[in-house]
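Subject: Structure for your review

Dear colleague,

Please find the structure below, handed over for your review. My notes on it follow.

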Amino acid sequence: MYPGTTSFYTGQVATPPSLNTSSSPVLGVASLADPAEPPPDPTTNPMYRIQFDDDDERERNVPAHLVVPQPR
């Protein structure tokens, strides 16, 4: 699910939460928390690195609760 929307976008997991130590910005944080708070720490809030289809091959941090399995 794309953060800040009610839409599902397909993508591939580039890095699972157990291996993600990235400190890059988290997609959708403003819609999930108080904007005055700092972004979630990936060590305490599981984050996937997702490469969304049709997004110029960029990888983005997405909170684990917004990632759903894609039906095969």
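What is the volume of the largest pocket? In this predicted model, the volume of the largest pocket comes to about 280 Å³. Its lining is made up of 16 residues, and those that lie nearest the centre of the pocket are Y9, G11, V67, V68 and Q70. Two elements, β1 and β2, give two or more residues to this lining. Of the elements, β1 gives the most, with three residues. By residue class, the lining of the largest pocket holds twelve nonpolar and four polar residues, and no charged ones.

As to the overall architecture, the protein chain has one helix and three strands, which follow one another along the sequence in the pattern β-α-β-β. The protein chain has 72 residues, of which 25% count as buried. If one takes the contacts between residues at least 6 apart in sequence, 61% of them join residues at least 24 apart.

Confidence should be kept in view when reading the model. The mean pLDDT of the protein chain is 73, with 62% of the residues at 70 or more. Among the elements, strand β1 (residues 11–15) has the highest mean pLDDT, at 91, while helix α1 (residues 29–32) has the lowest, at 44. Over residues 28–33 the pLDDT stays under 50, and for this stretch the model has eight contacts beyond four places in sequence.

I turn next to the loop between β2 (47–52) and β3 (59–63), where D55 lies. Is D55 buried or exposed? D55 has a relative accessible area of 11%, under the 20% cut-off, and therefore counts as buried. The side chain of D55 makes a polar contact of 2.8 Å with the side chain of R58. A polar contact of 2.6 Å also joins the side chain of D55 to that of R60. Along the chain, D55 and G11 are 44 residues apart, yet their C-alpha atoms are separated by 9.2 Å. G11 is also one of the residues that lie nearest the centre of the largest pocket.

The loop between β2 and β3 also holds D56 and E57. Which backbone angle deserves attention in D56? Although D56 is not a glycine, its phi is positive, at about 55 degrees. E57, likewise a residue other than glycine, has a positive phi near 60 degrees. D56 has a relative accessibility of 68% and so counts as exposed. E57 is exposed as well, with a relative accessibility of 67%.

A further residue to inspect is N61, which is found in strand β3. N61 counts as buried because its relative accessibility is 1%, under the cut-off of 20%. The side chain of N61 makes a polar contact of 3.5 Å with the side chain of R49.

When you open the model, I would suggest starting with the largest pocket and its lining of 16 residues, and then moving to D55 and its side-chain contacts with R58 and R60. Please treat residues 28–33 with caution, given a pLDDT under 50 throughout.

With kind regards

Definitions and conventions:
Residues are numbered from 1 along each chain as its sequence is written. This is a predicted model: local features need pLDDT of at least 70, side-chain atom pairs count only at pLDDT 80 or more; totals for chains, interfaces and linings use all residues. Side-chain values use heavy atoms; hydrogens and water are left out. pLDDT is the predictor's confidence in each residue, from 0 to 100. Helices (H or I, at least four residues) and strands (E, at least two) are DSSP runs, numbered from the N terminus. Contact means heavy atoms within 4.5 Å. Buried means under 20% relative accessible area, exposed over 50%, partly exposed in between (1.4 Å probe, protein chains only). A polar contact is a pair of N or O atoms within 3.5 Å; within protein, one must be able to donate a hydrogen and the other to accept it, and residues adjacent in sequence count only if both atoms are side-chain atoms. On a 1 Å grid over the protein atoms alone, a cavity is a set of points where a 1.4 Å probe fits but cannot get out, and a pocket is an open set with protein on both sides within 12 Å along at least five of seven lines; lining residues have an atom within 4 Å of a point. Grid points are joined across faces, edges and corners, and a volume is the space filled by probe spheres set on the points. Ala, Val, Leu, Ile, Met, Phe, Trp, Tyr, Cys and Pro count as nonpolar, Asp, Glu, Lys and Arg as charged, and the others, Gly among them, as polar.
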